[in-house]
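Good morning, and thank you for making time for this presentation. I should like to take you through one structure, and I ask you to keep the display in view as I speak.

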Amino acid sequence: MLILQLLDLNVANRNVSFIDHCVSEGFELFIEVGDAETIDTPLGKLKVIPVRKVREQGEEGIEVWLASDYRNLPVRARFYDREGKMSGEQVVTEIKVSND
């Protein structure tokens, strides 16, 4: 099982670009966390932190945007094939968060 602990992403108004990596059971994963930005979604404009898997040539890839105002829930995900072409995208249309 791969367990990835993200650093404190409560950084909606700061520049936080960095690359981190995780090694678990012989599997190494490099993650790039980008600068805070605002994206348009069906829910309106959302403050997000973009996170992407650093893709080696010939590997599939993924980018995820985490919503700062919604407990860092993913609100957009893009998937890339082995040639680096986008193969799919998911965008949030509704968020329900409990008060607990």
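How many helices and how many strands does the chain have? The chain has zero helices and seven strands. Please bear in mind throughout that this is a predicted model. Read along the sequence, the pattern is β-β-β-β-β-β-β. The chain comprises 100 residues, of which 29% count as buried.

Let me begin with a hairpin. Strand 3, residues 37-41, is joined to strand 4, residues 44-53, by a hairpin of two residues. The two strands pair in the antiparallel sense, over five bridges. Within this pairing, E37 stands opposite V48 of strand 4.

Two details belong to this region. The first topic is T41, which is placed in strand 3. Is T41 buried or exposed? T41 has a relative accessible area of 12% and is therefore buried, the limit being under 20%. The side chain of T41 reaches the backbone nitrogen of L43, at a distance of 3.0 Å. The other topic is a salt bridge between D40 and K45, whose closest N and O atoms are 2.9 Å apart. The partners can be classed by their accessibility: D40 has a relative accessible area of 49% and so is partly exposed, while K45, at 62%, is exposed.

I turn now to the interior. Which residues make up the largest nonpolar core? There are eight of them: L29, I31, V33, I49, V51, V64, L66 and A77. Strand 2 (27-33), strand 4 and strand 5 (61-67) each supply at least two residues of this core. The largest share, three residues, comes from strand 2. Apart from this core lies another, made up of seven residues, including L46, V48, V75 and V92. V48, you will recall, is the residue that E37 stands opposite.

In this connection, one general remark on strands: in a regular strand, the side chains alternate between the two faces of the sheet.

Next, the salt bridges. A search of the whole structure finds seven of them, and I would draw your attention to a network that links R76, R78 and E89. E89 forms a salt bridge with R76, the closest N and O atoms being 3.6 Å apart. This pair links distant parts of the chain, with E89 in strand 7 and R76 in strand 6, 13 residues apart. E89 also meets R78 in a salt bridge, at 2.6 Å from N to O. That pair, too, links distant parts of the chain: E89 is in strand 7 and R78 in strand 6, eleven residues apart.

How accessible are the members of the network, and which of them is buried? R76 is buried, because its relative accessible area is 14% and the limit for that class is under 20%. E89, at 38%, is partly exposed, and R78, at 23%, is also partly exposed.

R76 has a further relation in space. R76 and W65 are eleven residues apart in sequence, yet their C-alpha atoms are 5.2 Å apart. In strand 7, residues 86-91, we also find G88, which is partly exposed at 21% relative accessibility. The C-alpha atoms of G88 and I62 are separated by 9.6 Å, with their positions 26 residues apart along the chain.

Finally, I come to the loop between strand 5 and strand 6 (73-80), where Y70 lies. Y70, L73 and V97 form a nonpolar patch on the surface, and together they have about 210 Å² of accessible area. Y70 itself has 32% relative accessibility and so counts as partly exposed.

R71 and N72 are in this loop as well. What is notable about the phi of R71? It is near 55°, a positive value in a residue other than glycine. N72 likewise has a positive phi, near 60°, and is a residue other than glycine. Why remark on this? Most residues other than glycine have a negative phi. As to accessibility, R71 counts as exposed at 54%, because the class begins at values over 50%. N72, with 27%, is partly exposed.

To close, I would leave three regions in your minds: the antiparallel pairing of strand 3 and strand 4, the network of R76, R78 and E89, and the nonpolar patch of Y70, L73 and V97. Thank you for your attention.

Note on methods. Residues are numbered from 1 along each chain as its sequence is written. This is a predicted model: local features need pLDDT of at least 70, side-chain atom pairs count only at pLDDT 80 or more; totals for chains, interfaces and linings use all residues. Side-chain values use heavy atoms; hydrogens and water are left out. Two strands pair if DSSP finds at least two bridges between them. Helices (H or I, at least four residues) and strands (E, at least two) are DSSP runs, numbered from the N terminus. A nonpolar core is a set of buried Ala, Val, Leu, Ile, Met, Phe, Trp, Tyr and Cys residues joined through side-chain atoms within 4.5 Å. Buried means under 20% relative accessible area, exposed over 50%, partly exposed in between (1.4 Å probe, protein chains only). Patches are made of residues with over 30% relative accessible area and no salt bridge: like charges are joined within 9 Å, nonpolar side chains (Val, Leu, Ile, Met, Phe, Trp, Tyr) within 5 Å. Accessible areas come from the Shrake-Rupley method with a 1.4 Å probe; for residues, only the protein chains shown count as cover. A salt bridge is a side-chain nitrogen of Lys or Arg within 4 Å of a carboxyl oxygen of Asp or Glu. A polar contact is a pair of N or O atoms within 3.5 Å; within protein, one must be able to donate a hydrogen and the other to accept it, and residues adjacent in sequence count only if both atoms are side-chain atoms.
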